[in-house]
Structures are given as C-alpha cells and as structure tokens.
Amino acid sequence: MQKFETFTGIVCPLDRSNVDTDAIIPKQFLKSIKRSGFGPNLFDEWRYLDHGEPGMDNSNRLINRDFVLNDPRYAGASILLARENFGCGSSREHAPWALLDYGFRVIIAPSFADIFFNNCFKNGILPIRLEERIVDGLFAQANGPDALRIEVDLASQQLRPEGGEGIGFEVDAFSKHCLLEGLDDIGLTLQHVADIRAYEERRRVEAPWLFH
Amino acid sequence: MTPKTLYDKLWESHVVREEADGTALLYIDRQLVHEVTSPQAFEGLRLAGRKPWRAETNLATPDHNVPTTGRDRGITDPIARTQVETLDENCAHFGITEFKMDDLRQGIVHVVGPEQGATLPGMTVVCGDSHTSTHGALGALAHGIGTSEVEQVLATQCLIQRKSKTMLIQVEGKAGPGVTAKDIVLAIIGETGTAGGTGYAIEFSGEAIRDLSIEGRMTVCNMAIEAGARAGFVAVDDKTIDYVKGRPYAPGEADWAKAVAWWQTLHSDEGAKFDRVLTLKAADIQPQVTWGTSPEMVVPITGRVPDPAQEADPIKADGMRRALAYMGLTANTPISEIPVDKVFIGSCTNSRIEDLRAAAVVAKGRKVAAYVKQALVVPGSGLVKQQAEAEGLDRIFIEAGFEWREPGCSMCLAMNDDRLEPGERCASTSNRNFEGRQGQGGRTHLVSPAMAAAAAIAGRFVDVRELSKR
Ligand code: SF4
C-alpha cells in the first residue's frame, strides 16, 4: 500500500446523504476480476446519461453536465465532500477501488457506513468524520465560484482549507499508523503467528468440532 | 462476575491477542466465499505466494451472477462466466470446497451456510457480503467484510478488529396474524433509521423474536446491516439447537454434547449492560411496505405515502422529495392504491422454505393479475427448491402464473438477466430498495413473501390480512 503523505487537493462537493456503494460503482462493473480500472465508472449512473456496461468506451458516452463530478471547477479533485451515512449498502470493496482509481484520497462526511469506512483504510483512503456544522461550512465554500483547496496533514490530524482556519480531525491511532507507513493487515497479522497457533491449540480442546 | 452480553461472550472467545490501543486480532471460524468479492483476494494470495491458513474453514458457492433459467446452457454473459469460472479455478487450486453451479447444494451463500450446518452457534462467520449478519440468527458473530479482509482471512484466519458498541432491540409481546419476521425488521429499521445501528452490534430479543423460527430470525438478522449494524444476532435457545442437529457440517455424535453445553451459554446474562436499548411492541407492527429509496422509508400497508411538506428537517424533506421523484409517487397516495409491474420472491432475506410456503398459501388457487408483467419465485438454494417441489409449491406457483426459477441472487441485485426496466415498479422480498438496485431506473418496494404474493394477485399492494379473509 502507498504511504499516505501530506498533500493539497481540490474538494468535490457531493451534496447527497445515504450515498450507497451501488451508486459509487454500479453492480455491472463488479463482474471484473481485477482491482483497478473502475475510475471511469465511478458514480456511473449519475455521471452519464446513458447506461454503462463494462468494456464500453466511456469517452463516447453522454455526459450528465449537471452532475458535480463533471463540473470543470472540480476537475482533478482528490477530496470528496459528502453527507451523512456515506458508503452504505453492499460491502463491495470496488467502491473504494473506484474512488481511488478516480483519484480521491480523502472523503469527508458527517458519518460513514461501517464496512465502507473500514474498506477505505485498507486501500489507502482516509475517511474523515466531521461535525455536520463544519461539513455545512465546507459545502458553502466548495460550492463557491472557485474550487476549494485543502491541505490534508494526517500526521498532525489537520485539514487546512486555503485561506481558512485549520480543522482538526480524529482518526484511530492504529489506522493512522498503517496509512502513514503504508502497512497492510496481512503483514501485521503474520507477525503474530505464534499467538494464532496457541489460540488454535486451546480451541481445539474447547471446541473440537470446529477442527474436524 | 460481571454479567456479560452475548456479544461479549462471542467476542472474548475469539480474541487471539489484544493491543493496548483496543484493536484485537479476532479468530475467524468460517468464511463463506462467492464469485464477486473473492477474485482479487485470491489474486492477492497468489501474488504474495501465500496459501490459505486453513482451507477447510472456507466454503464457496457462486450466487450473484448465476442464471436462474437454462442452467444447462451455462452462463451466456462472457464477463459473468469468467467470474464464476475464476471462482471454480481458485477453489480447485487452493483446495476449498465449492458447491458449483450444477451442484444441488448450490445457492445464495447466506442460505447455504446455515442449511449445511456450516455456520453454527458461537462461531465467528465472515463473507465478502454485507448480509453475512444473517448467520447471527444462530447465535453466531457474523459480519460482512471487504475483499482485502477476505484475503486476510484466507491468509491468516484472523481479522484486525475493534469491539463494537452493543444495542439491544427488544420486540415485546406477540405479533398479530399476517405480521412476519420481515415486517418486524422493516418496522425496526423504520425506528432506528438506516444509520441508527452504525458502530453497534445488535442483539434482537423479546417474545416476538423468540417466537420466530430460526428462518424468521435469519430474515431479521439479515437486515441488521440495513439498520447500519455490521452484526445482528439472537441468543441460542432450543430452537437453535434443534435446527442445527443432523446437518451435514454440524458436530457429530462425539462432540454433540460438548457443543450443546457451550451453545446453551450463548445468551446475554441477566443484568448485562448495553450501550443502547430500543423497545418495540409487536402488537403495534402491521405488514410493512417501503415507499422510498432507503429501507428506513417504510410505512404500514394501511398507511399513505408520506408528505415531505410535513417534514420539519429540510435535509430529510429534500431526500424524501428526491425519493418520491425517483419512485414516481405522489405524497399522500394510499399504499394500497399503488400498482405493481413485477414481483420478486427470493433473496437471502426471504427465499427459504418457510418464505416460499407463506407465499404459496396466498397464491394457491389464485391468479397473478393480468396487469403484472412478471412474477418470479427464486428459491435460495437447490435444496430449498427440491424441498418446495416435494411439497408441490412449484405447481401452486406455476398454476397461479408465477415463474419458478433456479437458485441464486437473481433480481435482488440484477447482476444476471433478471431485472427491472426503467420505471418498472416491483414488490420485492429482498432487502434493498436503493436507486437502481434491481435494474437502472427500477422502483423497489420491500415487503414480506406473503405481501409480495398478495401484490402479484391483486396487481397492487394489498393488506394480506384482507386477502385471507375473502
Ligand atoms: S440475495 Fe441479494 S442481498 Fe443476498 S447475497 Fe445475494 S445479492 Fe446480496
């Protein structure tokens, strides 16, 4: 996994609550057996006016000019600003893969669905929960004539909107460490092989039917 | 000793090690695998030159992408076919048991697991699918995971986890006639909202939950995720133990008594503390119908489509307006005046034998309304299908004008050919009514199997309790 370094990015404001993972990447794209290439189909049903299928040439498709991702102000955005319960629904990791493939490294919302929140960290995306009031403020700025740019500093847990005041955010110490160092869970877990074996020995006696 | 919740017991019995920061390495007893969320996990294993830690703890079956008709012709969509073939190859390569598409035991993972006794009380169960909470009905700690975690469980048999908060949802008293597990859980989500359970593990309890069969409890736990909770479960009782007994993967003679002795401890102790408690009265619950694009947008069949003008919260009102526009509905319309184009009886929420029986009771001797373009019945597994056919349920459905299909996820998420066309309205026994869930532009109303069958017969939503009076 890539290490998460401090960067400054453009904020794309997606003003909807309960955005589910099927909206993030519709089911027809889940037939892929790869991890990459989902970016062009991120938010497919909102982003295009025609129906998308895997293998289509997206450059020939009908663009929905009213959808925020297609607004030229937000071209190259790497920070997604969203509303409550972002990422609800199916557990598909294709959702963070699509966001990442498109270029989003940070998602800011008042709340996230659990599995999605977790899946973000596994893929080097930083989901940030902020109070509704602060999110409202960011929406107001991001909706302005000029795109809002924010510096994201994970090490010091600070967002620094250009020309505005810094905003602190919470992140659990373990996830932060993994993001900063680019560590993956499998490598971390395999440092504890002896503990796993010891647990299994104990369980084999307590609950032998789990080991036949 | 401090009294413990069921969640505490399930959690503590699976902690391999705990870190000072509160994260824990949690041991996983069973992983269920399907074709959509596993290819990248297997690819990861191969790339790292790893083998499954305990291949035998994994059980695979294709379900999301399989066709529900003409199985003998194979899968015609080449991309879907590749995905199913990739599962076959991966399972063969890594020594994982798979019930392939032509196996009688194939079906939706969440139907197959309990049916086989592969998911048991007291287990930790995971699957790359959010509806893994279903298995909590057996008194297991079961939750959905992403593909990176699928790979981690394959490689290490563990997950790095943090303990959830606990919520107790009590449904007190007896449910009225015509009120099913589905209505109970939809009513619960109507109370909690779709994010109300976020960060919690939910224990469902109370007389109305205990009165449910294990299958009914699966319906309730299945939808815990629609309340935002990754895991939902019910304490073990005699019904649980009777359900498990004799299933192919259940403990045999030698271990049975020992297993039962442990399972009988799997309930919350008297006086155990929960972070949140919610109580509903079963008698207040009517058959439910969702009207919007989120499972929390639900009303009783006797109700009307809500009016955003009556909603004080402007963000909520806006969401309601958007949902009404998508659903093609007008505020204040009585639910019983909404016509349906299609009907879907199936999915991991409601495709077990009991669900099909409930729908068949309504369908028997009646006809699907001429207005209804298609009414599908999709059993949850090959074994459910076989059982239903032995009971003659297939004949009842076919004579009434329903289509009787092969097992799979089907129109629950429309990855195969079973789907809604734009603007079509469906009475569905599945679990999600999100925009486009059953096909782009499709409009989903979530209901119980009996209510879905009743809608097929009447051509509109109808109170199943009225129908049974006639
Ligand atoms: S039936 Fe529907 S909800 Fe259940 S596993 Fe299949 S797609 Fe998911």
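In what order do the three strands of the open sheet in chain B run, and is the pairing parallel or antiparallel? The order is 1-2-8, and the pairing is antiparallel. Strand 1 (15-18) and strand 8 (158-162) of chain B are the edge strands, each pairing on one side only. On average, neighbouring strands of this sheet are turned by 25° against each other, direction ignored. The model is a predicted one.

Stay with this sheet for a moment. Strand 2 of chain B covers residues 23-27. Five bridges join strand 2 to strand 8 of chain B, in the antiparallel sense. One residue pair helps to locate the pairing: Ala24(B) has Gln161(B), in strand 8 of chain B, as its bridge partner.

Chain B also holds an open sheet of five strands. Its order is 17-16-15-18-19, and here the pairing is parallel. The edges are strand 17 (403-404) and strand 19 (443-446) of chain B, and each of them pairs on one side only. Strands of a sheet pair through backbone hydrogen bonds, either parallel or antiparallel. Strand 18 of chain B, residues 425-428, runs parallel to strand 19 of chain B and is joined to it by four bridges. Within strand 19 of chain B, Arg443(B) stands opposite Arg425(B).

A helix belongs to this picture too. Helix 15 of chain B, residues 449-458, lies across strand 15 (342-345), strand 16 (374-377) and strand 18 of chain B. The angle between helix 15 and strand 15 of chain B is about 155°.

Next comes a loop of chain B. Pro248(B) sits between helix 9 (238-244) and helix 10 (253-263) of chain B. Pro248(B) counts as exposed because its relative accessible area is 61%, and exposed means over 50%. Pro248(B) still has partners: beyond its neighbours within four places in sequence, it is in contact with Glu115(B) and Gln116(B). Gly365(B) follows 117 residues along the chain from Pro248(B), and the C-alpha atoms of the two are separated by 36 Å.

Now turn to chain A. Its secondary structure comprises eight helices and seven strands. The C-alpha atoms fill a box of roughly 65 × 45 × 25 Å along the principal axes. Of the 212 residues in chain A, 58% are buried. Among contacts in chain A with a separation of 6 or more, 64% are between residues 24 or more positions apart. The accessible surface comes to about 8,600 Å², and carbon and sulfur atoms hold 49% of that. Chain A carries 23 positive and 32 negative side chains. The centres of these two sets lie 4 Å apart.

Strand 1 of chain A spans residues 7-13. Why is this strand described as largely enclosed by the rest of the structure? Six of its seven residues are buried, so the rest of the structure largely encloses strand 1 of chain A. Strand 1 pairs with strand 5 (residues 149-153) of chain A in the antiparallel sense, over four bridges. There, Gly9(A) has Ile150(A) as its bridge partner. Strand 1 also pairs with strand 2 of chain A, this time in the parallel sense and over three bridges. Val11(A) is matched there by Ile79(A), its bridge partner in strand 2 of chain A.

End in the loop of chain A between helix 2 (44-47) and strand 2 (79-81), where Asp57(A) is found. With a relative accessible area of 43%, Asp57(A) is partly exposed. The C-alpha atoms of Asp57(A) and Ala109(A) are separated by 32 Å, and the two residues are 52 apart along the chain.

Conventions
Residues numbered from 1 in each chain as written. Chains lettered and ligands numbered in written order. Predicted model: local features only at pLDDT ≥ 70, side-chain atom pairs only at ≥ 80, totals over all residues. Heavy atoms only, no water. Helix = DSSP H or I, 4+ residues; strand = E, 2+ residues; numbered from the N terminus. Buried < 20%, exposed > 50% of the residue type's maximum accessible area, 1.4 Å probe, protein only. Contact = heavy atoms within 4.5 Å. Areas by Shrake-Rupley, 256 points an atom, 1.4 Å probe, with all protein chains shown as cover. Lys, Arg positive; Asp, Glu negative; His and termini not counted. Charge placed at Lys NZ, Arg CZ, Asp CG, Glu CD. Pairing = 2+ DSSP bridges. Axes fitted to C-alpha atoms, helices over the stretch in contact; angles between N-to-C directions.
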